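Work through the following exercises with the sequence and the 3D structure at hand. Each task is followed by a solution that goes step by step.

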Amino acid sequence: MQFRYNAMTLIPPNTYPQQEELLVARPVPMFYEGKPDGMIITQLDREKVAEMFDQAKLGENRKLLVLDQRGTIVMSERDQEIGGTITTTSELYSFWQSPESFDSPLVLGGVPYHLSLQRSALTGWTYIAMTPMEQLNGKSDHIRSMTWGIVAIVIAVWMVVALIGSNRLYTPIRRITSKLSADSLPSPDDGLAAIDSYIDNMARTNNTLKLQIDQLSPRFKESVCLALLRGETGDLDLPLAAKQAGLPGAGQTFYVCIADIDEYASFQSLYGDRDRSLLRYALRKLIEELFAGLGAMTVVPSPGQVATIIGFDRSNGDGLEALQEIGAQVIEKVRAYFAFTVTVAVSGPHAGYAGIHDAYREANGLLGYRLLLGHSQWIDPGSIAPDLTVSRSATLRHIKSIVESLSAGDLEEARARLSELKHIVPQQVPNSETVLGQFAFLLGELEFLMQSLGKDTSSLFEKDPYRQLYGMTSLDEIADWFSAVIFPIVVGNLQSPDRQTAIVHQALVYIRDHVESDLSLQRVAEPFGLSASHFSKVFKEVTGHNFVDYVIEYRMKVAMEWLAHTDIPIKEMAERLRYTNVQNFSRTFKQVTGMPPGQYRSKFGFHDESPV
């Protein structure tokens, strides 16, 4: 007897002659080499094997056969089958040999069976299970019923959950739809459709608003920049507004560069409204293009002026050198492409957004030096000489000589003195405001002279002469205006064939020249060979003023000039204007001006400060 795998071997019945029982043979020892020392053979009763199958409870009408390699039935629930073989012509044999080609039920005793097979790799036996098709279909129907039952339960549970969930969902939906605009809802009964419609409307509205914001963004940026330039930032959240406007961070230092059209009055008269708008737009675009590399913001704070805000990182040092290069390009390109010129002024560096207003004021102040430096200039804080000497006495002497020349009717002499004044002013006056102030003083002296002779100055000029003066941008323009317009008007109205008028005219000049002397009625009348009473009568007829009142008024006018433009002590003023004490002087000054001398000086007076 040969043993496989050195293990226990099952010997089916009828394997050997007269062997009717199932034998179990095992070598001794279990594992050996060559031949075993012996063997143990155990006999199994076929009825016991059948009982074992019955105890397995395979189910109603289910069968299990165990076949060995030869087709011998080793085990079965029917003991009479054990030891038998299946015939080669039976369907069971065909299934045993080739189960993959057997696809129809096996009919035994008129009962169709479903077959399944499993081969043992250890013993080589085949286990064939046979299940009645009716029983199998019953199981399938039972499984189907169970499945449908489970599906029904799941559906019921889902419906309950959906009902509860929909109630929980639609309650807030109804609350939301009740708050929405009725005009935007398609149907008040369909909450989700209503919300969907409302969201669509909101999306369209958002797109419209976004388009409008994009269109208004440049205006918003310009309004923020203008507010920063003008210091009108009270209601603004500066960091947020500056970020939205595209300005650099608050930790930067800022410069303000202003390009201002020279002789803007001429520019206005030369071009119509539409042409001026186009030219100003072209100028702004040119400046924006030149400053684009610095991330600057450009705005138009006033007609004829383009202001650019430039931010530099503090760690990068002074950016003035880069600005000088761009400013020179602005001046050059404007001169090349336009029929006008611009003067460019840039401030010094100022820290933070709050410093932008100070930078703008500084740059605007520097533009005033155009009156001294001329047109088409670059002006920065370093280009203004800090040691300009203010000599008010020199300019006042020239103004006095001009008035005397015009009083005498000598127009050419007055023009010569004006030419000298034009040349000394840039060396002796610190800034453009003072220059304009000096010429305004000259204009006031001439106006006062004519008013003293009873002339109505408001009817002598077509336009306000002071407004015209302060609209001028160069010394040449001012000098030409005085020489060609103002002086001829003054001389033409001062000349008169009336001897009495001529006497009073000369008396007025005498009063101006001797304001610090004794100006009694007798002393002024003597040079003209008139008695005091007669001179007083003539003076009042010509000027409309009492002589004494005129002298007091003129001396107070001189005192106002001294208080506004010099640091002469009030006590010295009282002495020079022939008052016996300060109290009398102060009382008279208050009667004329409405305020004491000290208060007048505080409000309008001289301050020893640098021009910038």
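**Exercise 1. Describe the protein as a whole: how many helices and strands does the protein have?**

Solution. In this predicted model, the protein has 22 helices and 14 strands. The next step is to look at how the residues are covered, and here buried residues make up 39% of the 612 residues. The accessible surface comes to about 34400 Å², and 53% of this surface belongs to carbon and sulfur atoms. As a last step, consider the contacts between residues at least 6 apart in sequence, of which 59% join residues at least 24 apart.

**Exercise 2. Follow the pairing of strand S2: which strands pair with S2, and in what sense?**

Solution. Begin with strand S2 itself, which spans residues 22-28 and is mostly covered, since five of its seven residues are buried. Strand S1, made of residues 9-11, pairs with S2 in the antiparallel sense over three bridges, and within this pairing Ile-11 stands opposite Leu-23 of S2. Then turn to strand S3, residues 38-44, which is joined to S2 by seven bridges and also runs antiparallel to S2. In that second pairing, Arg-26 has Ile-40 in S3 as its bridge partner. While tracing these strands, keep in mind that in a regular strand the side chains alternate between the two faces of the sheet.

**Exercise 3. Examine the cysteines: how many disulfides are counted, and are Cys-225 and Cys-257 buried or exposed?**

Solution. A disulfide requires a pair of cysteine sulfur atoms within 2.5 Å, and by this rule the count comes to zero disulfides. For the second part, the cut-off for a buried residue is a relative accessible area under 20%. Cys-225 has 0% relative accessibility and therefore counts as buried. Cys-257 has 4% relative accessibility, so Cys-257 counts as buried as well.

**Exercise 4. Explore the salt bridges: which residues does Glu-288 meet in salt bridges?**

Solution. The count for the model comes to twelve salt bridges. One of them links Arg-284 with Glu-288, with the closest N and O atoms 3.1 Å apart. Both of these residues lie in helix H7, which covers residues 273-291, and they are four residues apart, about one turn of the helix. Glu-288 also meets Lys-285 in a salt bridge, at 3.3 Å from N to O. Because Glu-288 and Lys-285 are three residues apart in helix H7, about one helical turn separates them.

Now compare each residue with the cut-offs, under 20% for buried and over 50% for exposed. Arg-284, at 18% relative accessibility, counts as buried. Glu-288, at 24%, counts as partly exposed, and Lys-285 is partly exposed with a relative accessible area of 38%.

Another salt bridge is formed by the side chains of Arg-523 and Asp-518, at 3.8 Å from N to O. Arg-523 is partly exposed at 43% relative accessible area, and Asp-518 is partly exposed at 35%. Returning to helix H7, salt bridges that share partners join Arg-284, Lys-285 and Glu-288 into one network.

**Exercise 5. Set a record beside the model: what are the percentages of helix and strand over residues 146-165?**

Solution. The first step is the record, in which the UniProt annotation "transmembrane region", from an unreviewed entry, covers residues 146-165. In the model, the chain over residues 146-165 is 100% helix and 0% strand. The C-alpha atoms at the ends of this segment are 28 Å apart.

Terms used:
Residues are numbered from 1 along each chain as its sequence is written. This is a predicted model: local features need pLDDT of at least 70, side-chain atom pairs count only at pLDDT 80 or more; totals for chains, interfaces and linings use all residues. Side-chain values use heavy atoms; hydrogens and water are left out. Buried means under 20% relative accessible area, exposed over 50%, partly exposed in between (1.4 Å probe, protein chains only). Helices (H or I, at least four residues) and strands (E, at least two) are DSSP runs, numbered from the N terminus. Two strands pair if DSSP finds at least two bridges between them. A salt bridge is a side-chain nitrogen of Lys or Arg within 4 Å of a carboxyl oxygen of Asp or Glu. UniProt positions are given in the numbering used here, feature names are shortened, and annotations may be inferred rather than shown by experiment. Contact means heavy atoms within 4.5 Å. Accessible areas come from the Shrake-Rupley method with a 1.4 Å probe; for residues, only the protein chains shown count as cover.
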